[in-house]
Structure formats: structure tokens, C-alpha cells
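Trainee: I have this model on my screen and would like to learn how the descriptive words are justified. Please take me through the reasoning step by step.

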Amino acid sequence: TKPNIDQTAMLVKTYACQRRTPLKHHNSFLTEALEILSQNAEYNDNEGRSVAFRRAASVLKALPHRVKNMEDLRSLPCLGDHSQRVIKEILEDGSSREVESTRQSDQFQAMKALTGIFGVGVRTADRWFREGLRSPDDLVRTGQQLNRAQQAGVQYYDDLQKPVTKAEADVISDIVEKAVRAVLPGAEIRLMGGFRRGKDVGHDVDFLITHPEEGKEEGLMPKITNWLEEQGLLLYEKTTRNSYLEKMDGPARAPNNMDRFERCFSIFKLQTGSETERAVRVDLVVSPYSQFAFATLGWTGSKLFERELRRWAGQEKHMSLSSHALYDSKQNLYLRAKTEEEIFAFLDLEFIPPSERNA
Ligand code: CTP
Ligand code: MN
Ligand code: MN
Ligand code: MN
């Protein structure tokens, strides 16, 4: 027999990594509103509040039906008073005043425009906002000091605002594969991030690169970027060396969502027609083969899914998960894994495929 709505709600688990969250769901009219409030909290440097709204939205994404009334929400986890008030207002009036006034506010719009510039974080955007600046044009007009990333961000702003399509991501994949094959035969390349989760558009294209012979991947990134540079395909790149040391980054270190792989934040020049081209953000990451499963799990996302995996590991399993390793604090040892499936098993979680990690 089919469970009724209340039984369905009781089956919704607390951690996003315990649930299946498809890309297309039934409650965008609510999740989009809650995500505005989440984003606004982030702009105001209130991480706790931002995550609370994001978790609430994520629970609604996992429901197999459209929410019709407040009764449908009984016994659902992660729905705080504030989120419930917002949902109630939308169900009754069609929209929430708080959400609409946030969306229209000068601060929200300016922060969205300014943090939308590649290389600009919340703190910098907030400083500019308080100085009266509202847009990339304002930065240029007033001659703001910009670092190299931000200069590229302003220069390619319009292109980088346009969503990257799957077709464009496939063209970039071919280019990256060609580059990697040219400089290190036998290397493996995997498309990560939103596209691995089945999205048909993204804000960038993410790749993870490794080689089955551990050590061969060392220092690979400069070779890749040099090859791309020579072909005239790079508009911007910043490479960071691998700085991971198990002894220092393992259990002794506070769990951090920033990994330490050799990586490159870049902007590609993509040919879109015989005489047209556009700028596309591309992230490249190189992982040693022994960490590849962890890197794969860590770079598939979504960001909330990753965050919940780490929280589950720490709070429920006394383990510490990163994109490099899984450490068991009770047994005082690293748990080695070759596949994502093995990592879920170590964590006592049902395996969730990438297409259902859209939390
Ligand atoms: N990531 C990370 N460290 C960063 C940036 C990103 O580990 N400094 C991880 C995120 O946790 C995420 C993945 O890389 O799992 C992809 O991040 P991102 O490209 O920002 O998001 P997507 O999910 O790919 O969404 P989009 O389509 O907007 O790019
Ligand atoms: Mn469904
Ligand atoms: Mn991405
Ligand atoms: Mn990315």
C-alpha cells in the first residue's frame, strides 16, 4: 500500500546525506523562497541562520509530493519556526512579504551583483556596499583597487553570468581531456560538481584528474595550464600547489571544507561559433590515486550534501571526513577506500547516487 502523506513525512531523515534528493522536485515555489532568506543571511554573515533555511529548503526538495497545507509538514525534520511562518504565508497568500521585500532590497540586490563577480566574497562585497557601490560598473567608475582574479571577474562579468550549458561543458571536457592526455598519458579525468549530479546548466565546469600510478600526478597542473595557455585557451588561471599532509591535516586539524589538492581556478576561452567566443569558469583539481574516491565524493556536491556528510560523520560516527580521507576517532585509524560506495558503507549510510545528491 502507498504510504499517506504523514507516513511519508515520518520517513524523511534528518541529515540530507540520508535522503535521496532529485534535481527536479515538487516544491520549488517554497524552496526558492527559503533559499532567498538563506542567501540573505549569508550576505549578513549569519552562517547558522543561512544553513537553517537551506536545510529547511532541502527537506522540501526530498518530498515526493507538493506541499498543500501545513498538515503536510507535520513530523518533518529541520523546519524551524521561521521557515514554517514563511511556508504558511506562501501557502495562504501565494507569497511571503519577508521574502519579497528581501528580494527587492537594495542590499540584497547589490550583494548579489557584487558577490556574483568572480574573486569577490561576502566580506569584500559588504565593504563596497557600505561605501555606496552597487555593481561591477560602480567598481570600474570609481577606480577600485582590484586583485587579478577580480579584474578578470569584472572584465568577463557578462559572460560568467550566463549559465554554462551541458553542451558547453562537453566541449570543455574534450579540451581538458586533450590537454591532460598530451602532458600525462594514462591520466583519468572525471566531470564533477553539478554536471555529475545531472544538472543541465551550471555556473562553472569542475574536473577531477588523477593517475593510477601514485606520484605521477605530482606537479601535473602547471603542465596542463601551460598546454592550454599555448593553445590560447586560457583567459585567466590561478594554480595552488597541493599542501595536504596526512599528519597535519588529519584528525588533529579542525574539519575544514576547503581541501588542499593541487588545483586551478580558471577562465577558459570557448569558441561558440566561427567568429564568436565566450568566457567560461573552469575548476581543475588533481588528486593522488589513493585519495581519488574521497576527492570524487567531495567534489560532487551539492554543497549542503557535503556539509551534511561531514556533520553526520562527526556527530553520529565520531569520524572525520574530508575530500582527502576518512578518519575513525574511536579506532584511531584512517579508513581507506577505492570507491564512493565503500565510503558510504564506512559511514553506515545507504549509498546515494550523484543524481540524488541535489540537497
Ligand atoms: N568545492 C570545494 N572547494 C571549493 C569549491 C568547491 O570542495 N573551494 C566543492 C563543493 O563542495 C562542491 C563542488 O566542489 O561539491 C562543486 O562546487 P561548485 O562548482 O561551486 O558547485 P556546483 O555544485 O558544481 O554548482 P554549479 O552548477 O553552480 O557550479
Ligand atoms: Mn517525484
Ligand atoms: Mn560547479
Ligand atoms: Mn566549481
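**Metal site and sheet**

Trainee: Why is Asp206 called buried?

Mentor: Asp206 has a relative accessible area of 8%. Buried means under 20%, so Asp206 with its 8% qualifies. Do keep in mind that this is a predicted model.

Trainee: And what makes Asp204 buried?

Mentor: The reasoning runs along familiar lines. Its relative accessible area is 6%, and the cut-off is under 20%, so Asp204 counts as buried.

Trainee: How do you know that Asp204 and Asp206 are protein donors of the manganese ion (ligand 3)?

Mentor: Their OD atoms lie 2.1 Å from that ion. A donor must be an N, O or S atom within 2.8 Å of the metal, so Asp204 and Asp206 both pass. Asp204 also bridges the manganese ion (ligand 3) and the manganese ion (ligand 4), which lie 3.6 Å apart.

Trainee: Good, now the sheet. Why do E6 and E7 count as paired strands?

Mentor: Pairing needs at least two bridges, and 10 bridges join E6 (residues 262-271) to E7 (residues 277-286), so they pair. These two strands run antiparallel. As one example of a bridge, Glu262 has Val286 in E7 as its partner.

Trainee: What makes E2 and E5 edge strands?

Mentor: The open sheet has 5 strands in the order E2-E4-E7-E6-E5, with mixed pairing. E2 (188-192) and E5 (234-240) each pair on one side only. On average, neighbouring strands are turned by 25 degrees against each other, direction ignored.

Trainee: Which strands does helix H11 lie across?

Mentor: H11 (residues 166-183) lies across E2, E4 (205-210), E6 and E7, at about 120 degrees to E6.

Key:
Residues numbered from 1 in each chain as written. Chains lettered and ligands numbered in written order. Predicted model: local features only at pLDDT ≥ 70, side-chain atom pairs only at ≥ 80, totals over all residues. Heavy atoms only, no water. Donors = N, O, S within 2.8 Å, 3.2 Å for Na, K, Ca; no water. Buried < 20%, exposed > 50% of the residue type's maximum accessible area, 1.4 Å probe, protein only. Helix = DSSP H or I, 4+ residues; strand = E, 2+ residues; numbered from the N terminus. Axes fitted to C-alpha atoms, helices over the stretch in contact; angles between N-to-C directions. Contact = heavy atoms within 4.5 Å.
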